[in-house]
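Here is a small set of exercises to work through with the model open beside you. Try each task on your own before reading its solution.

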Amino acid sequence: MESNDLGIVVNGTQVSYIGQDCEAIPEFLGTKYGDFAKRLDLSFNLLRSLEGLEAFSCLEELILDNNLLTNDLQLPRLPHLHTLTINKNQITELDSLLDHLAEVLPFLKYLSLLGNKACPNELVSLDNDESDYQRYRYFILHKLTNLKFLDARKVTRKERVEAVTRGAFMKIVKPKDDTASSGFGSSTPASQQYTPLPQANRDPSNHRGILAKCHYIYRGRHSEGNRFIRDDQL
């Protein structure tokens with residue numbers, strides 16, 4: 001494992017640049033690591049743009065949790081990417097985003113949007129229930145037909161059937177913008193930040209996976225929704 005004073009941690013083909021408060025992807029990251037990085041973790045930054053990501057042509061996994069990305073985020077075409085997590089950003093609308101992902105990520109198998117307003121579960125509001133979340137899943141699976149996992153839950157055969165027959169009618173209405181009360185702004189206290197890693201594994205130099213069963217409902221400070229995929233499930 002290699003790390004340096006720039007905050008970069010490299011472990012084989014895994015590159016992490018976590019908690020550096022950057023608003024854009026630094027050019028030196030792509031220049032030095034873009035040719036071989038298969039997993040890139042940019043969580044806990046202030047990213048508003050993904051410009052520069054095109055340098056990472058071999059990416060298979062991209063972690064963008066706890067940033068400031070919005071509905072208009074743009075990714076380059078990444079033909080090898082199978083895992084994308086955009087947990088706890090500022091995404092409020094799904095339609096155009098899903099169309100974009102379908103175009104640029106043809107082999108996407110795992111997507112997680114927990115903690116965004118567009119994902120109607122208890123991370124966003126206690127007013128949401130299972131039926132709200134299930135409609136959201138049908139709509140996404142209607143748009144992204146190759147997904148095997150969505151958030152913390154494996155896609156079932158029944159969901160695929162329902163997505164084909166009813167998914168197009170399950171579009172989630174865009175919620176009213178209420179940044180001040182939602183806690184999605186850049187001033188969110190550290191104690192409320194969302195992380196898919198358990199407390200023991202939040203050190204950027206220690207990225208060990210954990211295998212477990214998980215329901216999408218958030219019941220603690222730290223969701224583990226995007227760390228339960230084995231290679232044989234993709």
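The exercises below go from the overall layout to salt bridges, the core and aromatic pairs.

The model is predicted, so local features need pLDDT of at least 70 and side-chain atom pairs count only at pLDDT 80 or more, while totals for chains, interfaces and linings use all residues. Residues are numbered from 1 along each chain as its sequence is written, and side-chain values use heavy atoms, with hydrogens and water left out.

**Exercise 1. The overall layout**

Task: Find how many helices and strands the protein chain has, and describe their order.

Solution, step by step:

1. Helices (H or I, at least four residues) and strands (E, at least two) are taken as DSSP runs, numbered from the N terminus. Counting them gives 5 helices and 9 strands.
2. Along the sequence, the pattern reads β-β-β-α-β-β-β-α-β-α-β-β-α-α.
3. Next comes burial: buried means under 20% relative accessible area, exposed over 50%, and partly exposed in between (1.4 Å probe, protein chains only). Of the 234 residues in the protein chain, 49% are buried.
4. The accessible surface, from the Shrake-Rupley method with a 1.4 Å probe and, for residues, only the protein chains shown as cover, is about 11,600 Å². Carbon and sulfur atoms account for 49% of that surface.
5. For contacts (heavy atoms within 4.5 Å), take the pairs of residues at least 6 apart in sequence: 56% of these contacts join residues at least 24 apart.

**Exercise 2. Salt bridges around helix 3**

Task: Work out which parts of the chain are tied together by the salt bridges of Glu130 and Arg137, then look at Lys143.

Solution, step by step:

1. Side chains of opposite charge can pair when their charged atoms come close. The rule here asks for a side-chain nitrogen of Lys or Arg within 4 Å of a carboxyl oxygen of Asp or Glu, and the whole structure holds 6 salt bridges.
2. Arg153 and Glu130 meet in one of them, at 3.5 Å from N to O. Because Arg153 lies in strand 9 (residues 153-154) and Glu130 in helix 3, this pair ties together parts 23 residues apart in sequence. Arg153 is buried at 16%, whereas Glu130 is partly exposed at 36%.
3. Glu159 forms a salt bridge with Arg137, with the closest N and O atoms 2.6 Å apart. Glu159 belongs to helix 4 (residues 157-166) and Arg137 to helix 3, so parts 22 residues apart in sequence are tied together. Both ends are buried by the cut-off, Glu159 with 4% relative accessibility and Arg137 with 0%.
4. Salt bridges with shared partners join Asp95, Asp99 and Lys143 into one network. Within it, the closest N and O atoms of Asp95 and Lys143 are 2.8 Å apart. That pair links distant parts of the chain, with Asp95 in helix 2 (residues 95-104) and Lys143 in helix 3 (residues 130-143), 48 residues apart. Lys143 is partly exposed at 24%.

**Exercise 3. The nonpolar core**

Task: Identify which residues touch the most other members of the largest nonpolar core, and which element gives it the largest share.

Solution, step by step:

1. A nonpolar core is a set of buried Ala, Val, Leu, Ile, Met, Phe, Trp, Tyr and Cys residues joined through side-chain atoms within 4.5 Å.
2. The largest such core has 48 residues, and Leu53, Leu75, Leu84, Leu111 and Ile140 touch the most other members.
3. Helix 3 supplies the largest share, 5 residues. The buried residues of helix 3 include Tyr136, Phe139, Ile140 and Leu141.
4. Leaving out residues up to four places away in sequence, Leu53 touches Ile25, Leu40, Leu59, Leu62, Leu75, Pro76 and Leu78.
5. In helix 2, the buried residues are Asp95, Leu97, Leu98, His100, Leu101 and Val104, and they pack against strand 6 (83-85), strand 7 and helix 3.

**Exercise 4. Aromatic pairs**

Task: Classify the ring pairs Tyr33–Phe36 and Tyr110–Phe149.

Solution, step by step:

1. Rings of Phe, Tyr and Trp (its six-membered ring) pair if their centres lie within 6.5 Å; planes under 30 degrees apart are stacked, over 60 edge-to-face, and the rest tilted. The count by this rule is 4 aromatic pairs.
2. Tyr33 and Phe36 are edge-to-face, with 6.0 Å centre to centre and 75 degrees between the planes. Tyr33 is buried at 2%, but Phe36 is partly exposed at 33%.
3. Tyr110 and Phe149 are tilted, with 6.0 Å centre to centre and 55 degrees between the planes. They link strand 7 (residues 110-112) to strand 8 (residues 149-150), the two residues being 39 apart, and both are buried.
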